[in-house]
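User: I'm new to this structure and would love a guided close look at one part of it. Could you take me through how a helix meets its neighbours, and then show me a little of what lies around?

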Amino acid sequence: MTDIEERLQELRDRGLHRRLRLVSGPQGPRILLDGRPVLLLCSNDYLGLANHPRVRDAAAEAAMRWGAGAGASRLISGNMDVHRRLESRLAEFKGYKAALLFGSGYLANMGAIAALAGRGEVVFSDELNHASIVDGCRLSRAETFVYRHGDAEHLAWGLREAGGRSSLIVTDGVFSMDGEVAPLEELASLARRHGCRLMVDEAHATGAVGPGGRGSVAAAGLSDEVDVVVGTLGKALGSYGAYVCASAEIADFLVNAARPFVFSTAPPPPVAAAALAALELLESHPHRVDRLRENATTLRRALAAEGLAAGGSQTQIVPVEVGDAELAMKLCERALEHGVFAQGIRPPTVPEGTSRLRFTAMAIHRTRELQHAAKQVGAAAQELGLVSPKRQLARAA
Ligand SMILES: Cc1ncc(COP(=O)(O)O)c(C=O)c1O
């Protein structure tokens with residue numbers, strides 16, 4: 001047995017081995033998954049824009065006009081009109097002076113955090129922040145204080161302990177695996193009091209939360225107090241890539257200091273043009289965001305009626321916690337047999353003992369599709385003995 005095979009076997013033994021599933025055709029409420037038709041309930045294409053005709057056309061036209069690739073990093077010869085146009089639209093949409101594109105949300109978080117915090121300083125990070133934030137903190141070489149999830153008192157204690165070394169508080173705006181919204185007002189007031197910057201990752205908030213889908217920072221009216229907003233173009237905006245919104249000064253600094261920006265090829269023109277078209281659709285058709293919210297409520301209620309509670313979710317991300325990793329995957333597979341796809345999520349994506357199915361609503365789901373899906377998952381949970389006759393999810397240890 002090679003060392004790699006040993007490590008793979010260990011993952012299998014712990015119920016943590018992952019494999020790729022195959023989607024044939026575009027994203028949508030119904031897809032062909034590994035050759036089987038299923039209702040899709042775990043896509044981040046929240047507004048259904050990835051396969052929207054206007055977005056597809058924009059990508060195709062951009063490929064014809066500007067070519068398939070940017071050819072170099074932005075700082076060499078890859079800075080193109082379409083990047084500039086998208087950045088200014090994003091900055092305006094989010095209410096910031098400047099926006100800067102990155103290759104992905106993962107790279108944006110790594111780049112921004114590592115540039116804004118350094119050795120000898122302290123970064124404060126919510127314990128349920130996304131892996132790209134965790135990795136950004138590691139890369140920064142600053143000391144990281146991980147505060148308990150959403151716990152402003154614990155954060156305040158950490159800030160006092162750090163004294164003058166406090167540099168950056170960073171949080172998901174909407175938590176990616178829980179669908180909860182961060183307590184932004186409390187975080188902003190702590191950042192103000194302790195003279196450190198606040199950064200919010202709106203990957204799951206843009207297009208879903210706040211006025212016209214402008215995100216959790218706009219919802220809380222805190223655009224003047226949150227120094228850095230990160231968002232991705234690969235979720236509600238149906239394309240790929242990401243952006244950082246900030247002051248002109250911070251954006252200028254990131255152009256010079258964020259290594260994934262400096263040392264990586266600029267986003268391909270078709271990808272940027274598709275995101276621009278999606279943003280225009282979002283601004284001209286804000287009712288899509290309302291529809292997403294209605295669908296999220298329908299999904300939460302329909303799952304609750306089956307005894308499948310959604311924790312503290314207030315958004316389109318609806319987790320159904322099972323606990324044990326293997327059991328979560330059994331429920332996922334059983335739900336697939338019933339024609340519903342909600343991926344099982346296990347450590348290290350979520351803490352040990354909190355494995356779950358992560359459901360997501362899309363604006364393009366029909367009400368009856370969501371109700372049908374919940375019923376099918378309820379039936380699957382009953383078959384596995386996870387839901388008692390009283391219809392309460394019996395969490396496995
Ligand atoms: C909160 C959060 N931030 C960042 C990312 C990374 O974004 P991207 O997929 O564009 O790399 C994700 C992706 O899942 C996320 O959930």
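Analyst: Here is a walk around helix H15, followed by short stops at a sheet and at another helix.

Please keep in mind that this is a predicted model.

Let's begin with H15, which covers residues 367-383. One of its neighbours is helix H13, residues 287-305. The axes of H13 and H15 come within 9 Å and cross at roughly 25°. Angles under 35 degrees count as roughly parallel, so H13 and H15 are roughly parallel to each other. H13 passes H15 in a right-handed crossing.

Which residues bring H13 and H15 together? From H13 come Arg291, Asn295, Thr298, Leu299, Ala302 and Leu303, and they meet Thr367, Leu370, Gln371 and Ala374 of H15. By character, the residues of this contact are five nonpolar, four polar and one charged. The spacing along the chain has a simple background: an α-helix has 3.6 residues a turn, so residues three or four places apart point the same way.

Now for another partner of H15, helix H14, made of residues 325-337. H14 and H15 pack with their axes 9 Å apart, at an angle of about 125°. That angle makes the two helices oblique to each other, and H14, too, passes H15 in a right-handed crossing. On the H14 side, Leu331, Arg334 and Ala335 make the contact, while H15 supplies Val377, Ala380, Ala381 and Glu383. Five of these residues are nonpolar, none is polar and two are charged.

Next, the sheet. Four strands form an open sheet in the order E1-E2-E3-E12, with mixed pairing. Strand E1 (23-24) and strand E12 (340-341) are at the edges, each with a single partner strand, so one side of each has no neighbour in the sheet. E1 pairs with strand E2, residues 30-33, in the antiparallel sense over two bridges. In one of them, Ser24 has Leu32 of E2 as its bridge partner.

Our last stop is helix H6, residues 131-140. Which of its residues are buried? They are Ser132, Ile133, Asp135, Gly136, Cys137 and Ser140. Around them, the buried residues of H6 pack against helix H5 (105-116) and against strands E5 (122-126), E6 (143-147), E7 (166-172) and E8 (197-201). Just after H6 comes Arg141, with a positive phi of about 65°.

Conventions: Residues are numbered from 1 along each chain as its sequence is written. This is a predicted model: local features need pLDDT of at least 70, side-chain atom pairs count only at pLDDT 80 or more; totals for chains, interfaces and linings use all residues. Side-chain values use heavy atoms; hydrogens and water are left out. Axes are lines fitted to C-alpha atoms, for helices over the stretch in contact, and angles run from 0 to 180 degrees between N-to-C directions. Angles under 35 degrees count as roughly parallel, over 145 as roughly antiparallel, 65 to 115 as roughly perpendicular and the rest as oblique. A crossing is left-handed if the near helix is turned anticlockwise from the far one by less than a right angle, and right-handed if clockwise. Contact means heavy atoms within 4.5 Å. Ala, Val, Leu, Ile, Met, Phe, Trp, Tyr, Cys and Pro count as nonpolar, Asp, Glu, Lys and Arg as charged, and the others, Gly among them, as polar. Two strands pair if DSSP finds at least two bridges between them. Buried means under 20% relative accessible area, exposed over 50%, partly exposed in between (1.4 Å probe, protein chains only).
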